[in-house]
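Biologist: I would like a close look at one part of this protein, with its packing described residue by residue. Please start from a single position and work outward.

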Amino acid sequence: MNIKTMLAALQGVTAYKDILPLPVMDCALRLVTRTVHGDGLGGLEAYTDLFYQLRQAGHTGLGGWLGEALRWSEGPYPLLAERGDRDPALEQAARLDISAFELLASVDCDKWLAHLGRLLDSDYQGVLTSLPRWQRGVPFSFDALTQAYRQEGAGKFARYRAFVWDRGALIPVASPDCPPSSALLGYDGQRAEVERNTRALVAGQPVNNVLLYGESGTGKSATVKNLLTLPGLEELRIIEADKENLGGLPALIRTLDGRRQKFIVFIDDLTFDRDDPTYSILKTILEGGVERRPQNVAVYATSNRRHLVRQTISERAGDEMDRSETIREKTSLADRFGLRVLFQGLTKPEFLALVDMLAAQRGVELPQEELHRRAVAWERFHGAQTPRTALQFILSL
């Protein structure tokens with residue numbers, strides 16, 4: 001093993017520089033550098049740090065970690081391959097980088113410890129002998145990585161399907177809470193409208209932004225999250241953003257342009273108070289402004305209010321001369337959602353039919369007359385005639 005050659009190759013990494021600052025790679029570079037420079041104590045510290053960081057990342061081998069880091073890299077070469085473009089200079093740089101990483105992953109830990117043993121005095125030999133090892137291996141290659149980028153995409157949007165936008169950071173959600181279709185109760189027509197719009201988005205067609213509005217507990221949010229479970233929507237990604245974080249959305253949406261995936265920016269329980277500063281931000285995102293919204297992005301929002309903006313009696317009856325124009329301005333935000341889907345409360349027969357179905361599913365043994373009597377009493381005390389109320393009633397039995 002020529003450590004100087006390895007160090008030169010790693011210092012020459014150009015296409016995958018985004019991997020170098022990561023904790024595992026930082027430790028590996030320190031191990032190579034300290035060993036080349038004859039710093040035994042520094043090399044020993046880097047070795048133990050590297051083992052710790054590998055285990056912290058859930059890996060037993062450096063090659064496995066490198067393979068994962070390369071697979072989910074968002075450097076220029078993975079994104080180039082994802083788009084299906086060609087750049088001979090960048091491709092050659094990526095090949096050389098991966099060769100350097102292959103060389104690093106192929107070194108056995110015993111060889112590292114042997115080098116450190118020659119740099120340290122005899123007092124350290126017992127420590128070196130007892131140090132743990134990580135597995136050796138090279139489970140990646142340039143051709144395999146390139147094929148994965150082209151077929152499945154690159155970076156975090158290939159790895160995860162759901163994200164949370166929180167104070168300027170895009171946080172992946174490894175296990176999103178997406179209810180299956182079997183768990184959604186009623187409103188088949190409304191769900192079909194949302195699904196049709198979403199399938200058009202995934203197909204690359206121009207689509208409407210979507211507002212799902214109506215009573216609480218009718219499954220508006222569940223309808224949006226359920227989209228990730230539907231066949232044929234594998235390229236769909238959902239980014240959930242709170243109303244309080246809308247200020248960073250234009251910058252986020254700008255970065256999504258050109259990605260192969262299709263994105264729903266999802267704003268749950270959207271309502272604006274009077275003079276809310278985020279009102280104008282969302283208005284610009286939905287429609288208006290110099291910069292167009294990318295075609296692979298749509299905004300889906302849920303709200304209990306049709307017009308999204310709370311209005312007071314005094315506002316409607318005030319003495320402002322152009323108050324009608326002010327009211328129209330405030331209520332115009334909802335009109336910027338081209339598809340508006342109403343989720344209203346169930347009728348009494350629909351509510352009781354749903355109670356019967358849930359009771360049968362969960363083995364509730366009550367005469368129907370008694371079941372209905374209790375269900376009506378529960379609904380009057382706990383809320384509207386909605387699927388959520390029906391389910392809560394059945395769970396209470």
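Is alanine 28 buried or exposed, and what is its relative accessible area?

Modeller: Alanine 28 is buried, at a relative accessible area of 1%. The model is predicted, so confidence comes before detail. The protein chain has a mean pLDDT of 88, with 90% of its residues at 70 or more. Among its elements, helix 4 has the highest mean pLDDT, 98, whereas helix 15 (residues 313-317) has the lowest, 48.

Alanine 28 sits in helix 2. Leaving out residues up to four places away in sequence, it touches Leu50 and Leu104. The second of these contacts spans 76 residues of sequence, yet the C-alpha atoms of alanine 28 and leucine 104 are 8.4 Å apart.

Leucine 104 leads to the wider packing. The largest nonpolar core has 53 residues, and Leu104 is one of those that touch the most other members, together with Tyr16, Met25, Tyr77, Phe101, Trp112 and Trp134. Helices 1, 2, 3, 4, 5, 6, 7 and 9 each give two or more residues to this core. In sequence, helix 2 covers 23-36, helix 3 covers 40-56 and helix 6 covers 88-105. Helix 6 gives the most, with eight residues. In soluble globular proteins, nonpolar side chains tend to be buried together.

Phenylalanine 101 shows how these parts meet. Beyond its neighbours within four places in sequence, phenylalanine 101 is in contact with Leu10, Val13, Tyr16, Leu20, Met25, Leu66, Leu70 and Phe140. Tyr16 and Met25 in that list are, like Phe101, among the core members with the most contacts to other members.

Cysteine 27 is also buried, with 4% relative accessibility. Cysteine 109 is buried too, at 1%. The two do not form a disulfide, because their sulfurs are 13 Å apart, too far for a bond. The nearest cysteine sulfur to cysteine 27 is that of cysteine 109. The structure holds zero disulfides.

For contrast, consider a position in strand 6 (residues 297-303), where valine 299 is placed. Valine 299 is buried, and its relative accessible area is 1%. Its contacts, apart from residues up to four places away in sequence, are Asn209, Val210, Val265, Ile267, Ile285, Leu286 and Phe337. Its C-alpha is 9.6 Å from that of leucine 282, a residue 17 places away along the chain.

Strand 6 also gives two or more residues to the lining of the largest pocket, as do helix 12 (220-226), helix 17 (348-361) and helix 19 (387-396). Helix 12 gives the most to that lining, with four residues. The largest pocket holds about 570 Å³ of space. Of its 26 lining residues, the closest to its centre are Gly217, Thr218, Gly219, Ala222 and Arg388.

To return to the starting point, alanine 28 is a buried residue of helix 2, in contact with Leu50 and Leu104.

Definitions and conventions: Residues numbered from 1 in each chain as written. Predicted model: local features only at pLDDT ≥ 70, side-chain atom pairs only at ≥ 80, totals over all residues. Heavy atoms only, no water. Core = buried A, V, L, I, M, F, W, Y, C linked by side-chain atoms within 4.5 Å. Buried < 20%, exposed > 50% of the residue type's maximum accessible area, 1.4 Å probe, protein only. Contact = heavy atoms within 4.5 Å. Disulfide = S-S within 2.5 Å. pLDDT = per-residue confidence, 0-100. 1 Å grid on protein atoms, 1.4 Å probe; cavity = no way out; pocket = protein on both sides within 12 Å on 5 of 7 lines; lining within 4 Å. Points joined across faces, edges and corners; volume = space filled by probe spheres on them.
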